[in-house]
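This briefing is meant for a reader who is meeting the structure for the first time. Please look over the sequence and the model before reading on.

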Amino acid sequence: MQDYSIIVAMDRNRLIGARNHLPWRITEDLAYFRTRTLNQNVIMGRKTWLSIGKALDERTNIVLTNDLGFSYPGVIVQHSIAELESWLVSQQSPNENFIIGGAGVFEQFLPLACKMYITRIEHEFEGDTYFPPYNEEEWLLTSYETQSSSSGYELSFNLYERRGETHAKLG
Ligand SMILES: NC(=O)c1ccc[n+]([C@@H]2O[C@H](COP(=O)([O-])OP(=O)(O)OC[C@H]3O[C@@H](n4cnc5c(N)ncnc54)[C@H](OP(=O)(O)O)[C@@H]3O)[C@@H](O)[C@H]2O)c1
């Protein structure tokens, strides 16, 4: 099985989205996301792809969809996690595989991921899409930094690594 790293920004209530967009605009978090994912693989659901609206530059963009007709220049399209796995194996690339959302995709990769980069925003926003609940005991906080954003929110950048062999195997 490939290694997967979740990267997500969430508010105090695990909110991640509102009407298929981010509920906030925080340039410091966008910069953090860019720095982390540059030159790596970014794997996303079709709705997150729609909300971004373009391929992220200097990254390998991979979109999951069941739509066999979906295509876009510069985008790798995969139709299942099994298909994605086979493709990643065939690439033999040293890139980190970042799962960048949204909620549906986070939920499927949570049992498979070995790292989570979580930006926590100390605020309660309005929205409709949440990061799934997860068992905190399976994760060890290995890096923690705080920052005040120019928009006035307190942020923390947290890296969690999975403890031991608690991840699921693909069947
Ligand atoms: N705060 C953050 O860090 C963050 C990050 C990313 C996204 N978001 C937000 O999250 C929201 C979108 O999340 P969402 O859960 O609604 O949608 P999503 O996870 O981005 O996309 C769901 C779609 O992905 C495709 N898909 C998912 N798993 C698949 C699989 N195993 N095989 C094939 N296709 C698969 C399906 O597309 P088809 O319907 O085409 O089959 C599905 O309808 C937006 O509000 C966005 O702004 C927030």
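What follows goes from the whole chain to the sheet, then to the helices beside the sheet, and ends with one residue.

The model is predicted, and the values below are computed from it. The protein has four helices and 10 strands, and from the N terminus on these elements run β-β-α-β-α-β-β-α-β-α-β-β-β-β.

**Overall form**

- For 171 residues, a compact globule would have a radius of gyration near 16 Å, and because the protein has 16 Å, the value agrees with that expectation.
- The C-alpha trace spans about 45 × 35 × 30 Å along its principal axes.
- Of the 171 residues, 29% count as buried.
- Among the contacts with a separation of 6 or more, 68% are made by residues that are 24 or more positions apart.

**The sheet**

- Eight strands form an open sheet with mixed pairing, and their order across the sheet is S5-S4-S3-S6-S1-S7-S10-S9.
- The edges are held by strand S5 (75-78) and strand S9 (139-148), each of which has a single partner strand, so one side of each is left without a neighbour in the sheet.
- Neighbouring strands of this sheet are turned against each other by 20 degrees on average, with direction ignored.
- Strands of a sheet pair through backbone hydrogen bonds, and the pairing is either parallel or antiparallel.
- Strand S1 (residues 5-10) and strand S6 (residues 97-101) are paired in the parallel sense over two bridges, and Ser 5 stands opposite Phe 98 in S6.

**Helices packed on the sheet**

- Helix H1 packs on the sheet, where it touches S1, strand S3 (41-45), S6, strand S7 (115-121), S9 and strand S10 (154-162), and the direction of H1 makes about 175 degrees with that of S1.
- Helix H3 (residues 81-91) also packs on the sheet, touching S3, strand S4 (60-64), S5 and S6, while the direction of H3 makes about 130 degrees with that of S5.

**A closer look at Thr 37**

- Thr 37 is found in helix H1, which covers residues 27-37.
- Thr 37 counts as buried because 21 C-beta neighbours lie inside 10 Å, where 20 or more are required.
- When its neighbours within four places in sequence are left aside, Thr 37 is in contact with Ile 7, Val 42, Arg 59 and Phe 98.
- Thr 37 and Phe 109 are 72 residues apart along the chain, and their C-alpha atoms are separated by 17 Å.

How values were computed:
Residues numbered from 1 in each chain as written. Predicted model: local features only at pLDDT ≥ 70, side-chain atom pairs only at ≥ 80, totals over all residues. Buried ≥ 20, exposed ≤ 12 C-beta atoms within 10 Å, placed from the backbone. Contact = placed C-beta atoms within 7 Å. Pairing = 2+ DSSP bridges. Axes fitted to C-alpha atoms, helices over the stretch in contact; angles between N-to-C directions. Rg over C-alpha atoms; globule rule 2.2 N^0.38 Å.
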